[in-house]
Amino acid sequence: MTAPRTRKAAIIGGNRIPFARSNSAYAQASNQDMLTSTLDGLVARFGLQGQQVGEVVAGAVLKHSRDFNLTRESVLGSRLSAATPAYDVQQACGTGLEAVVLVANKIALGQVDSGIAGGVDTTSDAPLAVNDDLRRVLVQVNAAKTLQQRLKALSGIRPGQLVPDIPRNAEPRTGLAMGEHAAITAAVWEIGREEQDELTVRSHHNLAAAYDRGFFDDLLTPYLGLTRDQNLRPDSSMEKLARLSPVFGRGEGATMTAGNSTPLTDGASVVLLGSDEWAAAHDLPVLAHLVDAQTAAVDYVHGGEGLLMAPAYALPVLLARNGLTLQDFDLYEIHEAFASTVLSTLKAWEDPAFCKEKLGLDGPLGPIDRSKLNVAGSSLAAGHPFAATGGRIVASLAKLLHQQGPGRRGLISICAAGGQGVVAILES
Amino acid sequence: MARQELDGPPSMAQLFARAALTARGRGGDLPDTRIARTGVTVEAARLAEYVRVCRFALGDTLPVTYPHVLAFPLQVALMSDRAFPLALPGLVHVRNRVEQLRPVGTAEPLDLEVWADTFATHRSGATVDLVASVRAGGAEVWRSRSTYLARGATAPQDAPTAEVDVHVPPLDTAAAQWRVPDDAGRRYAAVSGDVNPIHLSGLTAKAFGFKRAIAHGMWVKARALAALSGRLPDAVAVDVGFKKPLFLPSTVTLSTASHGAGWDLAVRNAASGADHLLGTVRPV
């Protein structure tokens, strides 16, 4: 038996809706509304109406229990053929990129010829759960067989149980908000306020410039009155950011503000992938190929590593497998969960001790050319609807590489809750 | 022809009350009046509520049935006026045809105009058609024709015979089953403004001769179309006949069959199999 031949999956294009700040323009929209609209935008852009693609893979981080089949339900409500299979994935903020990797792998193996990957999240139409004590009582009431048993079970209800469980952006095992975790890491790596604010200003200016030159014209479909990301501040400046008070971390050393941290956001994104043959047969462009990807996880609970540092560990594995160095890239997309996360990751890769002791390398991975980093803006400016960020980055980077010409290489790094990270290589 | 332009939507509760108080002693031919509103914009929050109650997806174009919600108050204003020959309480919506000539954006200012025509003879009374036309950007984008039956009423001499039946081939397979809760009428009343008492509660429905509250026909129609989201032509005509009243609460089935680029539809009682709605969806 011979090993199956593999092929690299082509990234054909993408679509997203502008990202909205929480409880604002998309307050009335559900995850299914946003994902369906985003799929329909992609269908319209690439002439897929009534057509079947191999698979649609997407997910949401904050998800109602009724949305167990969110992606399939969205496909059924979209203009894609109802015969298109779909499934949901969830890997916190890595969801969107992981979905792209999954679709690309099936294309690589020849199991599908085309697919759509993406993600959606709403922090406005968020699921509220029944208080867990009340839930137990109600489960008992439901299981009771006699009226007497039912009444006995109901007598367990207490007034305090009527307060619902509200989802928090916090780690279940540490009880700390993600920003608090990031503040610990920022302190460990001695990331200053000024460099965080500089990265933030650059993100806003790069995103605004990208909009102004029409970069997003074929990557984005307006939705519910928004034509640009609502969080974008084209006039962002060091002076304005300096006026903000820290919100994460404590005391003198606190550096993380609402400006250099991503806000809660609503939005959706999808990416169209296919084999080169499928793209050619449908007269569609190939912007780039997904070369390879790697995930990693760290023990942020007991192991002394930062919650959002897993991409630092995933990268050297990916580089070694592909015979590349950190400097062999034309563009870098490092997801800006917090400005300090990007800076901590870059500093770790430059640090000889970290690279030797933690990554097991002979020397540091070294610095990158900062002018190649997040050149069309990233999450600090656009916002970060958790599962939608991966699709936003993949489609944008594929287009940026395509614009530079063939043979250009880009690196994506996305950190995720639970101490996980996904990194990937695209090549035009 | 008289044309009356309103500055805002009339109060539906007041109109229904006025219609009830002035129900007696009506007669004569249809008034030659048109009621209009111009530059109407869709309220995003209201649309979102409507979308939720009817199970559409929230997007940047209006559900095919939504302009009816905008035009209906004007039609009620026309029907509650003393010049209208039939008494509004007791009128039964028996047929509705909407034509969307192109998808209508949620942000487009709309000009509405409604009038009545086609006073017709029906085997159990008389029918009248309430017509609506919606224009955007200088062209008609949507129109509808709602046929109402007044039991026991008499149409003028030489009136044509009413055409209230929409013919669909037999649809035997149920695509979906809906449990329609007893507050379905109140929920649709809240998002559509159609506060006709026959939909609101058992008690108010009894006052008008129904044994229980009945679902709004336009809600049943909207929900059936929502089930076909993503599968409707952009320019489309949806013609439905409302058959037996859908008493609340009920469990009903939706049957669909594709017909060229369109569909045939039936909504039936899950227990008795009685038809509530029969309709066709066709490209125009």
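Visitor: What makes up the contacts in chain B with a separation of 6 or more?
Guide: Residues 24 or more positions apart account for 75% of them. Contact means C-beta atoms, placed from the backbone, within 7 Å. The model is predicted: local features need pLDDT of at least 70, side-chain atom pairs pLDDT 80 or more, while totals for chains, interfaces and linings use all residues. Residues are numbered from 1 along each chain as its sequence is written, and chains are lettered from A and ligands numbered from 1 in the order written.

Visitor: Why is chain B called as compact as a globular protein of its length?
Guide: Chain B has 6 helices and 11 strands; these are DSSP runs, H or I of at least four residues and E of at least two, numbered from the N terminus. Its radius of gyration is 18 Å, and the globule rule gives 19 Å for 284 residues, so the two are close. The radius is taken over C-alpha atoms; the rule is 2.2 Å times the number of residues to the power 0.38.

Visitor: How do you know that the span of helix α1 of chain A agrees with its length?
Guide: The expected span is 1.5 Å times one less than the number of residues. For 16 residues, 31–46, that should be 22 Å; the end C-alpha atoms are 23 Å apart, which agrees.

Visitor: What makes α1(A) mostly covered?
Guide: 14 of its 16 residues are buried. Buried means 20 or more other C-beta atoms within 10 Å of a residue's own; exposed means 12 or fewer, partly exposed in between, with C-beta atoms placed from the backbone. In chain B, 44% of the 284 residues count as buried.

Technical notes
Contact = placed C-beta atoms within 7 Å.
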